[in-house]
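Student: I'd like a close look at one part of this structure, please. Could you stay with a single sheet and then work outwards from there?

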Number of protein chains: 2
Amino acid sequence: MSIVVQKYGGTSVGTPEKIKKVAARVTAAKAAGHDVVVVVSAMGDTTDDLIALLNQITESPDAREYDMLLSTGEQVSAALLTMAIHSLGFKATSLTGWQAGVHTEDIPSKARITHIKLDRIQKELGEGKIVVVTGFQGIDSHGDITTIGRGGSDTSAVVIAAALKADVCEIYTDVDGVYTADPRIVKDARKIKTISYDEMLELASLGAQVLHPRSVECAKNYGLVIHLRSSFSNEEGTYIKEGTGMEKTDVVNGVALDLNIAKVGILKIPDKPGIAAKLFKTLGDAKINVDMIIQSIHSSGNFADMAFTVNKTEMKKAVEVTNKVARELSAEGVVSDGDVAKISIVGVGMISKPGVAGDMFEALGKNGINIEMISTSEIKISCVIKAEQGKKAMEILHKEFNLGK
Amino acid sequence: MSIVVQKYGGTSVGTPEKIKKVAARVTAAKAAGHDVVVVVSAMGDTTDDLIALLNQITESPDAREYDMLLSTGEQVSAALLTMAIHSLGFKATSLTGWQAGVHTEDIPSKARITHIKLDRIQKELGEGKIVVVTGFQGIDSHGDITTIGRGGSDTSAVVIAAALKADVCEIYTDVDGVYTADPRIVKDARKIKTISYDEMLELASLGAQVLHPRSVECAKNYGLVIHLRSSFSNEEGTYIKEGTGMEKTDVVNGVALDLNIAKVGILKIPDKPGIAAKLFKTLGDAKINVDMIIQSIHSSGNFADMAFTVNKTEMKKAVEVTNKVARELSAEGVVSDGDVAKISIVGVGMISKPGVAGDMFEALGKNGINIEMISTSEIKISCVIKAEQGKKAMEILHKEFNLGK
């Protein structure tokens, strides 16, 4: 008998009504002859509500107690979903992370899963039950409850599916798949039927925020097929799996736009070894996540210009830190701009097809879009442009690479 | 070092502000040199909110899933209280029922605690930590989360205190002790300094609902001293412990009034063996809890009259069932009255002092209060009277037995 793992996010189980709909979908898979394991997130705003409570108690919550508090959210939704499944006449049981054998590192609030002891899940499946597991959590070597950080429930689902050697890990969300571009911006954006892990990883970190990169990376490691689909329809979504060379004819598979970035530049730094390390180590110490980094030689000789992008909400803090470093390095000054966007194209096909970058830059240029920064990986090219030109750039590139066909 | 166990109910931890006050009290006990274990209930309305959620999912929740759902309530308050204790600069850790080693029967929703494995609690105490344990819950032999039914958190606290051989189990609530009568009714009602387990048991089941009888019975079994006190003041409350004969000079220790009862009578039943069994077995099958039962021979000869009291909310259902039985037994009819009250006096001293019942009946009678039913135990006498005379009766008996001194 084949095993299917399904994961439902917070919006999919946001209300009792929605939980009943999820129960119908889960039991349909069981009725179709599969063994079914379901991984759930906390209901809608539950996690935010719990954090609001703790903010009234303390500004610096202990990480272990934070996990103790937050892990209740998934326990509530798992119990309610199990009751809803019972109402439809199916056998089911809910399991917390520790009951499901999800073992993690001894690091509260951001533990990684180390291994899964499948005994309990397999026992319950063996009794014909649908098993509902709380996502986002596990147990450490001390017997303490841990949560596993951002993208937690997706990762829980993938790891459990991999351990069970499931045929597929279905991740249900409020969008119906991965698109060649944001369908709200590009009219003929097309749902991608199949995408490789690497492409999905680039897209996931680029603003097409449907799947956390961590879960994709984990699926890649195990060669597990993810089926990302809508919890509100029965249509097939997007399969994320290893691409086979023969199928890969598309050079570019998608365009992504990220409006949530800001650019910071530090100008005319007297060039000497270690200046980049000095800047980015200081930013790291201040817990500022830096995305793109560009360093160029200044036209006037022994100076360097350096620029980087950060999350828009961190711009102010980043500028403060950079100003301090600029003084220490005797740089000329610091500039920043919150009015920028990052437009990217992603595709495994780029690796073997030179000239894609040139095509991209040309398409943008001849449409009057100025490129402020460029960063590339093997399967992705990103450009920082003016925010107001972001949507136009997406349409241009979608057309340029013929993605709407 | 002495061990103190403190239990805080739902109203005591109802808001973040109140939780901070509880933290202040807990840390004061630690600062005074005690090892401190705290048992908490769920915050205020949390349990009701969770039940409202599940009612939107199903009318007949599975008991195991019900426990999975409800046990999150105490986990939230335990984590928040622990954070509040940290804010005051003390070391503390929260433990769920299963982490604290609270083992129960394999009976969801109304499991009894079978034993406590103290390893984890003692390890944490040994590291100088205040230990905050979730009340109302444990773990069964399958590794499933169980809740332990009504009066759960009080019972958790008492059992943990007994296992730890604590000096005292302090139960904090919204009243400041046990009174000789309801102080809202009887002006000179007096807080009782010390009361025996048996007296407290009678009072607890008689409407002075400050402590669940189950926790008192459990404390009695272990000879554990309970200190029932207010979470809003520093005054001593009432100690519940084994009375020593020498101290016991009071015949009557308290008066209790229960306005939440109803009387049902079944008239002129042809008397033959088994009629009482027939009636009360049928009521039991209908899940109706019967309190007082009186059977008397009817003046006209071979007939019996029978009367009983039930919770007022169950009167209608009880009358329906009784009507059915009345027809089967060829009785003359069924009468009921929801407008009654039960007034009781309680005192260990009664055992050795005859005539107390007579004093009680006389005091009521000469004040124009008619007694409709009487029931007695070794340390308690209860009378059913008209509801409107309940408060007056309480004042009369409080005075008659000189309780205001």
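How many bridges join strand β9 (residues 168–173) of chain B to strand β11 (residues 226–230) of chain B, and do they run parallel or antiparallel?

Tutor: Keep in mind throughout that this is a predicted model. Strand β9 (residues 168–173) of chain B is joined to strand β11 (residues 226–230) of chain B by 5 bridges, and the two run parallel. If you want a spot to click on, take B:T173, which stands opposite B:S230 in β11(B).

Now zoom out to the sheet around that pair. In chain B it is an open sheet of 8 strands with mixed pairing, and the order reads β3-β6-β2-β1-β9-β11-β12-β10. The edge strands of chain B are β3 (92–95) and β10 (194–195), each pairing on one side only. In general, strands of a sheet pair through backbone hydrogen bonds, and they can do so in a parallel or an antiparallel way.

Chain A lets us walk through the corresponding region in more detail. Here, too, 8 strands make an open sheet with mixed pairing, in the order β3-β6-β2-β1-β9-β11-β12-β10 (chain A). At the edges of this one stand β3 (92–95) and β10 (194–195) of chain A; each has a single partner strand, so one side of each is left without a neighbour in the sheet.

Go to β9 (residues 168–173) of chain A, which has β1(A) and β11(A) beside it in the strand order. With strand β1 (residues 3–8) of chain A, β9(A) pairs in the parallel sense over 5 bridges, and on that flank A:V4 stands opposite A:V168 in β9(A). On the other flank, 5 bridges join β9(A) to strand β11 (residues 226–230) of chain A, again running parallel. There you'll find A:I171 opposite A:L228 in β11(A). Strand β9(A) is mostly covered as well, with 5 of its 6 residues buried. As a reminder for when you look along it, side chains in a regular strand alternate between the two faces of the sheet.

Shift along the sheet to β2 (residues 35–40) of chain A, which pairs in the parallel sense with strand β6 (residues 130–134) of chain A over 4 bridges. In that pair A:V40 stands opposite A:T134 in β6(A). A:V40 also turns up in the surroundings of A:L81: leaving out residues up to four places away in sequence, A:L81 touches A:V13, A:I19, A:V22, A:A23, A:V38, A:V40 and A:V132. The largest nonpolar core has 229 residues, and those touching the most other members are A:V38, A:L81, B:V38 and B:L81.

That core list names residues of both chains, which is a good cue to look at how the chains meet. Between them, 28 residues of chain A are in contact with 28 residues of chain B. On the chain A side, the elements giving two or more residues are α1 (16–31), α2 (46–55) and α3 (63–87). Helix α3(A) gives the most, with 14 residues. By character, the chain A side of this contact divides into 15 nonpolar, 10 polar and 3 charged residues.

A couple of loop residues are worth a glance too. B:F136 sits in the loop between β6 (130–134) and β7 (137–139) of chain B. Its phi is near 75°, a positive value in a residue other than glycine. B:F136 has 27 other C-beta atoms within 10 Å, so it counts as buried. Over in chain A, A:S109 lies in the loop between β4 (102–104) and β5 (113–116), with phi near 70°, also positive and also not a glycine. A:S109 counts as partly exposed because it has 16 C-beta neighbours inside 10 Å.

Finally, the wider frame. Chain A is divided into domain 1 (3–174) and domain 2 (255–400), and the C-alpha centres of these two domains lie 38 Å apart. It has 11 helices and 18 strands. The radius of gyration of chain A is 23 Å, close to the 22 Å that the globule rule gives for 405 residues, so chain A is as compact as a globular protein of that length. Of its 405 residues, 47% count as buried.

Notes:
Residues are numbered from 1 along each chain as its sequence is written. Chains are lettered from A and ligands numbered from 1 in the order in which they are written. This is a predicted model: local features need pLDDT of at least 70, side-chain atom pairs count only at pLDDT 80 or more; totals for chains, interfaces and linings use all residues. Two residues are in contact if their C-beta atoms, placed from the backbone, lie within 7 Å. Ala, Val, Leu, Ile, Met, Phe, Trp, Tyr, Cys and Pro count as nonpolar, Asp, Glu, Lys and Arg as charged, and the others, Gly among them, as polar. Domain bounds come from an automatic or database domain assignment. A nonpolar core is a set of buried Ala, Val, Leu, Ile, Met, Phe, Trp, Tyr and Cys residues joined through C-beta atoms within 7 Å. A residue is buried if 20 or more other C-beta atoms lie within 10 Å of its own, exposed if 12 or fewer, and partly exposed in between; C-beta atoms are placed from the backbone. The radius of gyration is taken over C-alpha atoms; the globule rule is 2.2 Å times the number of residues to the power 0.38. Two strands pair if DSSP finds at least two bridges between them.
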